[in-house]
Amino acid sequence: MDEFSVLLVDDEREFLETLMKRLKKRNLKVTGVGSGEDALKVLKETPPDVVVLDVRMDGMDGIQTLREIKKVRPLVEVIMLTGHANMEVAVEGMEVGAFDYLMKPMDIDELLYKLEDAYKRKTIQEQKIKHLEEEKKLEGV
Amino acid sequence: MKRRLYANLRRKIIFITLTVAFIPLIFLSVIIYYQFAQVFRNKIEEQIEYRARAQGNAIELFLKERTAILLAMADTYTFDYLAARGKLERIFQIMNHRVGGFIDLGLIDSAGKHVAYVGPYNLIGLNYYQQPWFGEVESKGVYVSDVFTGYRRIPHFIIAVRRQENNRIWILRATIDSDVFEGLVRAAQVGKTGDAFIINREGFHQTHLRFGGEILSKSNLNPTIFGEGTTALEKVNSEGRKVLYAGRWLKKNSWLLVISQDASEEMTKLFKTKRIEIIIVVSGCLLIILTTIFTTRLTVRHLETADRKMNELNAQLVHADKLAALGKMAAGVAHEINNPLAVIAEKTGWMEDLLTEEEFQKSQHFEEYKKSLRKIEEHVERARKVTHGMLGFARRMEPHLEDVDINEILNETITFLESYARTNNITIEKELETDLPIIASDRAQLQQVFLNLITNAIDEIGKDGLVCVSSRRINSEIAVSVRDNGQGIPKEYQARVFEPFFTTKQGGKGTGLGLSITHNIVQNMGGTITLESEKEKGTTFTVRLPIVVPEKK
């Protein structure tokens, strides 16, 4: 499996840290931040491949953050993480452009599968864009 | 408290209605009665007055006729002719033949000597010079006497006329047949108690009374109370009875014809009318009372029912509100619990990850650790199910479409109710058709529909029985039937079971909303719900839902 980078966004510190450790153990490049604002900062500097975004956070909530992410980095795939209560919000997130959603507490393997899928989609999208750009270049020539 | 309020209201309405209805009714009936009584009395008075006048005229005519014939005889013949033997007899016969009513006839000379006489008594030769009437005839020419006993000691009255023949004055005198005269008077007697008699100016009876009144006895009536001509009046007699009298003056105001009538006898008709009126008024009042009480009760009962329904509806709304609030709280609580659960899950996961490292594998308690972690995970999963259940409950409030497997919902609902059924010794049997299509519908609402139907079936049985839940595909519909082997629903109720607030459950056990809500939900989904019921054999409710294919995602 290709190594890809993941950004975890969750204001529940314990959850965030443990999950980071577990993903690192599974050979993913993981960074973690505790708020939407921080996530956007990280995204501008070193954009990850996939973002795992908690829906319910203090400050900027999941949907807002998602919108911003899609503005700044439209190619970055986002998996929404939700307590069951805001499943509607998670679904709304999908409409805005999230890749998928998961309900807390979730199974680590399930998360991994989704992460891989998301990364695959990202690479496919990037390749498509690359092709398009190359075709443009060729046309330009 | 409420009960007393209604009783008060009922009393007030009844009181007001009765007052308003009774006062005019009673007022009117009293007025009508008195008016009627007045008219009736006037009528009776008029009648008796008329009779007195008519009979009076007849009597006057009788007297006039006899006076006239006497005068005619006196004028026609001379004294000498009449005094001759047999002549007076002849004239008497003519007179009695023509007009009748004479007892005897006598010729009296100016000295008062009875010169000739025809009649049953031996009166020839008697001298009348001393008799009071003699002077009257001499001076007035015509005289009709009051009743007197005279020579023969029998009450009678006479008519006498005077004739002046040259210088000679003589008198022709006749006695009136009392029987004929009294018959004439008696003709005016009416009814069982009515009387007719004549009294003179001094108040002495000139004719017999109907009930034992002697001629020439003094009357209880004072003749002066009667006015000129004919008058009627009411008097209380010696026995304390009201008597109507009509008086008519006769014979130049010297005799008074009195017609009497017991007022009560005539008034019986009026009393009969009064009785009828009282019966009508009383039965009218009774009718009003009954109607008022009946309608008031009906109205108040309607009010009570409406109020009760309103209360039930309110309770239902409050209940729904509570549920919504509870749902919100459940959602909040579930969320708050989910977060720590997520942390626990991650921590355990991490610990499991760590256990894969070598140093831990050698640990003496490796298996113990691993088992404990499994247990923790298991219980986290259990808690997660609980919180998800709570969230599902919260989401039940709002309808929305999702992919629904009818059999799954049925299984879930039955699982939920199984223990409840088992405590009542009721078995729930399933006949579910496999590979039913997945449809787009509202899971929570469908769950409520099946929950209602199965709960009803269990309640219908009560104890010991069988509920059979079946699902099958029929053309473009999925049919779900819930059958029980309870008492069955009576025919007359079958059409009403879907009405709101209709319940066959005993007081307090059901609100009567369950089936109407169920009906509404099914209808909103574009489905139908029907029931078949047979007495003693049980009831089957069948829900048919259109197969709506979910959109591809």
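The paragraphs below go through a predicted model, beginning with chain B as a whole and ending with some backbone details.

Chain B contains 12 helices and 16 strands, and 40% of its 553 residues count as buried. Its accessible surface amounts to about 31,800 Å², with carbon and sulfur atoms accounting for 56% of that area. If one takes the contacts in chain B between residues at least 6 apart in sequence, 61% of them join residues at least 24 apart.

Individual residues show how such contacts are made. B:Ile288, which belongs to helix 6 of chain B, has its C-alpha atom 7.3 Å from that of B:Leu18, although 270 residues separate the two along the chain. Once the neighbours within four places in sequence are set aside, the residues in contact with B:Ile288 are B:Leu18, B:Ala21, B:Phe22 and B:Leu25. B:Ile288 nevertheless counts as partly exposed, because its relative accessibility is 23% and the buried class ends at 20%.

B:Arg51 falls on the other side of that cut-off: its relative accessible area is 17%, and it is therefore classed as buried. This arginine sits in helix 1 of chain B, a helix that covers residues 2–76, and, apart from neighbours within four places in sequence, it touches B:Gly56, B:Ala188, B:Val190, B:Ile259 and B:Gln261.

Helix 6 of chain B, spanning residues 263–355, also carries B:Leu303. Together with B:Leu9 and B:Ile13, B:Leu303 makes a nonpolar surface patch of about 210 Å². With a relative accessible area of 43%, B:Leu303 is partly exposed, and so it passes the requirement of over 30% that applies to residues of a patch.

The next topic is the contact between the two chains. The size of an interface is often given as the accessible area lost when the parts come together. For chain A and chain B the buried area is about 2,000 Å², and carbon and sulfur atoms contribute 58% of it. Chain A brings 20 residues to this contact and chain B brings 22 residues. Between the two chains there are 6 salt bridges, and 8 residue pairs across the interface are in polar contact, counting pairs with both residues at pLDDT 80 or more. On the side of chain A that touches chain B, the largest share comes from helix 1 of chain A (residues 13–25), which supplies 7 residues.

Which residue of chain B meets the side chain of A:Arg22 in a salt bridge? The partner is B:Asp353, with a distance of 2.9 Å from N to O.

Over all chains the structure holds 35 salt bridges, and several pairs within chain B can be set beside one another. B:Lys242 pairs with B:Glu234, their closest N and O atoms being 4.0 Å apart; B:Lys242 is partly exposed at a relative accessible area of 45%, and B:Glu234 is likewise classed as partly exposed, at 28%. Returning to the chain contact, salt bridges with shared partners join A:Arg22, A:Arg26, B:Glu346 and B:Asp353 into one network.

In another pair, B:Arg66 and B:Glu65 form a salt bridge in which the closest N and O atoms are 3.1 Å apart. B:Arg66 counts as buried at 4% relative accessibility, whereas B:Glu65 is partly exposed at 38%. A further salt bridge links B:Arg173 to B:Asp104, with 3.5 Å between the closest N and O atoms. Because B:Arg173 lies in strand 5 (residues 168–176) and B:Asp104 in strand 1 (residues 102–108) of chain B, this pair ties together parts that are 69 residues apart in sequence. Both B:Arg173 and B:Asp104 are buried.

Some backbone details remain. Most residues other than glycine have a negative phi, and most peptide bonds are trans. In chain A, the peptide bond from A:Lys104 to A:Pro105 is cis, with omega near -15°, and A:Pro105 is in the loop between strand 5 (100–103) and helix 5 (108–140). In chain B, B:Leu216 has a positive phi of about 70° although it is not a glycine; this leucine is placed in the loop between strand 6 (195–200) and strand 7 (230–236), where it is partly exposed with a relative accessible area of 29%. B:Asn425, also not a glycine, has a positive phi of about 60°, and its place is the loop that runs between helix 9 (406–423) and strand 11 (426–432) of chain B.

Methods. Residues numbered from 1 in each chain as written. Chains lettered and ligands numbered in written order. Heavy atoms only, no water. Patch = residues over 30% accessible without salt bridge, like charges linked within 9 Å, V, L, I, M, F, W, Y side chains within 5 Å. Areas by Shrake-Rupley, 256 points an atom, 1.4 Å probe, with all protein chains shown as cover. Helix = DSSP H or I, 4+ residues; strand = E, 2+ residues; numbered from the N terminus. Buried < 20%, exposed > 50% of the residue type's maximum accessible area, 1.4 Å probe, protein only. Contact = heavy atoms within 4.5 Å. Buried area = accessible area lost by both parts, 1.4 Å probe. Polar contact = N/O pair within 3.5 Å; in protein donor to acceptor, adjacent residues only side chain to side chain.
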